[in-house]
Amino acid sequence: MQEVRGVIARAKGAPVEVATILVPAPGPGEAVVRIQACGVCHTDLHYRQGGINDDFPFLLGHEAAGIVEEVGDGVTDVAPGDYVVLNWRAVCGNCRACRRGRPWYCFATHNATQPMTLTDGTTLSPALGIGAFIEKTLVHAGQCTKVDPAARPAAAGLLGCGVMAGIGAAVNTGGVGRGDSVAVIGCGGVGDGAIAGARLAGAAKIIAVDTDPRKLDWARGFGATHTVNAKESDPVEAIRALTDGFGADVVIEAVGRPETYKQAFYARDLAGTVVLVGVPTPDMTLELPLLDVFGRGGALKSSWYGDCLPSRDFPLLIDLYRQGRLDLDAFVTEEIALDGVEDAFARMHSGDVLRSVVLL
């Protein structure tokens with residue numbers, strides 16, 4: 001058992017705090033990872049606000065890179081000293097999705113079985129089964145993906161959630177190909193990841209849509225060829241005007257709201273694809289004329305974690321980063337200390353940052 005510092009959310013809406021946390025030695029199939037960097041993701045804010053569930057107190061953080069320090073019995077894929085990016089979908093290999101060759105849909109993903117606790121014995125709920133705003137964390141070994149150790153931790157760790165979700169929404173779920181037209185609605189970390197993914201896939205036209213001029217500027221840096229300020233013009237009409245009146249081949253909704261999903265639906269070409277990667281809240285509903293769904297053909301898809309397979313996608317994307325073809329560093333707006341997470345949430349809420357990253 002080790003005592004380390006970590007960031008917890010004790011109650012719904014309460015400010016987060018740095019606390020002393022007990023991390024057990026790894027059991028069978030588990031690993032202890034010394035965290036080097038962890039991004040501040042909007043999902044962590046959802047946990048703090050009680051938008052995920054009520055299993056307080058939470059150990060926050062999940063977009064992380066670090067060094068494996070110790071492994072438990074039966075672990076063969078990683079060893080102490082390995083540089084890894086953590087993932088929250090460690091596939092089981094045995095469920096019906098995995099057996100059908102679709103492990104990115106795994107229905108029985110692994111997490112560590114032992115709890116991390118406060119010093120008084122209170123069990124913590126780790127965000128997305130990771131909990132990485134901490135000096136060392138306990139995870140299932142399958143949540144550790146080895147990557148090139150030359151990759152900067154602050155950048156590499158972002159593949160653990162938002163950036164991978166966006167890139168995967170374009171490449172894996174949306175199937176963007178060479179010459180395609182793509183529109184991305186919502187240009188935060190996930191949306192800009194989708195823009196970067198569309199550029200990697202060879203899209204000819206990439207249209208970024210947002211209401212914040214700062215975010216549209218960021219989107220241009222990631223590869224957007226055109227931008228639309230949704231406060232100044234109707235995004236559906238603007239996307240159609242930029243695609244010869246037809247609509248985009250692939251429209252990626254990275255906001256997670258019914259209004260923007262409808263925009264995505266009507267801004268795609270006939271037989272085009274809509275990808276929902278923005279995360280809605282449980283109370284949201286969607287109403288569309290069923291005749292329009294039938295008459296427009298194509299595909300309406302949701303994207304879980306960019307439909308990624310960490311063992312396949314993380315090393316590949318790190319290689320592209322190392323080659324200068326994927327600018328992960330551009331997602332990092334600021335680097336902060338462990339006690340700066342609450343302030344980072346405020347800057348995220350106001351739209352001042354793309355990603356704050358905690359360095360440990």
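**Exercise 1. Strand pairing**

Which residue of β7 is the bridge partner of L22? Place the answer in the sheet to which β7 belongs.

*Solution.* The model used throughout these exercises is a predicted one. In β7, T117 is the bridge partner of L22. At the level of whole strands, β2 (residues 17-23) and β7 pair in the antiparallel sense, over 2 bridges. Stepping out further, one finds an open sheet of 5 strands with mixed pairing, in the order β7-β2-β1-β4-β8. Its edge strands are β7 and β8 (125-126), each of which pairs on one side only.

**Exercise 2. The partners of β5**

Identify the strands that pair with β5 in the antiparallel sense, and give one residue contact for each pairing.

*Solution.* Begin with β3 (residues 30-39), which pairs with β5 (residues 63-71) in the antiparallel sense over 8 bridges; within this pairing, V33 stands opposite V68 of β5. Continue with β6 (residues 83-86), which pairs with β5 in the antiparallel sense over 3 bridges, and where V85 of β6 is the bridge partner of A65.

**Exercise 3. Aromatic geometry**

Classify the ring pair Y47 and F58 as stacked, tilted or edge-to-face, and then treat Y105 and W304 in the same manner.

*Solution.* The count for the model comes to 7 aromatic pairs. For Y47 and F58, the ring centres are 4.9 Å apart and the planes stand at 65°, so the pair is edge-to-face, given that planes over 60 degrees apart fall in that class. The two residues are 11 apart in the chain, with Y47 in helix α1 (residues 42-48) and F58 in strand β4 (residues 58-59), and the pair thus links distant parts of the chain. Turning to exposure, for which buried means under 20% relative accessible area, one finds that Y47 is buried at 6% and that F58 is buried at 1%.

For Y105 and W304, the centre-to-centre distance is 5.9 Å and the angle between the planes is 80°, which again gives an edge-to-face pair. Y105 lies in the loop between α2 (96-99) and β7 (117-118), while W304 lies in the loop between β16 (299-302) and α10 (310-322), so the pair ties together parts that are 199 residues apart in sequence. Both residues count as partly exposed, Y105 at 30% relative accessibility and W304 at 40%.

A further step concerns the surroundings of the Y47 and F58 pair: Y47, F56 and F58 form one aromatic cluster.

**Exercise 4. Arginines over rings**

Determine which ring faces have R96 and R296 over them, and at what distances from the ring centres.

*Solution.* R96 lies over the face of F107, at 4.1 Å from the ring centre. R296 lies over the face of F265, and here the distance from the ring centre is 5.7 Å.

**Exercise 5. Enclosed and open space**

Describe the largest cavity and the second largest pocket by volume, by lining residues and by residue class.

*Solution.* Take the enclosed space as the starting point: the structure holds 1 cavity of 30 Å³ or more, and the space in the largest cavity is about 30 Å³. Its lining consists of A196, R199, L200, F222, R325, L326 and D327. Helix α5 (residues 189-201) gives the largest share of that lining, 3 residues. Sorted by class, the lining has 4 nonpolar and 3 charged residues, with no polar ones.

The second largest pocket has a volume of about 360 Å³. It is lined by 20 residues, of which D77, A141, G142, C144 and S311 are the closest to its centre. Two elements, β10 (144-146) and α10, give two or more residues to this lining, and the largest share, 3 residues, comes from β10. By class, the lining of this pocket divides into 8 nonpolar, 9 polar and 3 charged residues.

**Exercise 6. A loop residue near the chain's later part**

Is L338 buried or exposed, and how does its separation from D352 in sequence stand beside that in space?

*Solution.* L338 lies in the loop between β17 (334-336) and α11 (341-349). Its relative accessibility is 4%, under the 20% limit, and L338 therefore counts as buried. Between L338 and D352 there are two separations to report: the residues are 14 apart in sequence, and their C-alpha atoms are 19 Å apart in space.

Note on methods: Residues numbered from 1 in each chain as written. Predicted model: local features only at pLDDT ≥ 70, side-chain atom pairs only at ≥ 80, totals over all residues. Heavy atoms only, no water. 1 Å grid on protein atoms, 1.4 Å probe; cavity = no way out; pocket = protein on both sides within 12 Å on 5 of 7 lines; lining within 4 Å. Points joined across faces, edges and corners; volume = space filled by probe spheres on them. Helix = DSSP H or I, 4+ residues; strand = E, 2+ residues; numbered from the N terminus. Nonpolar A, V, L, I, M, F, W, Y, C, P; charged D, E, K, R; others polar. Phe/Tyr/Trp six-rings, centres within 6.5 Å; stacked < 30°, edge-to-face > 60°. Buried < 20%, exposed > 50% of the residue type's maximum accessible area, 1.4 Å probe, protein only. Lys NZ or Arg CZ within 6 Å of the ring centre and 35° of its normal. Pairing = 2+ DSSP bridges.
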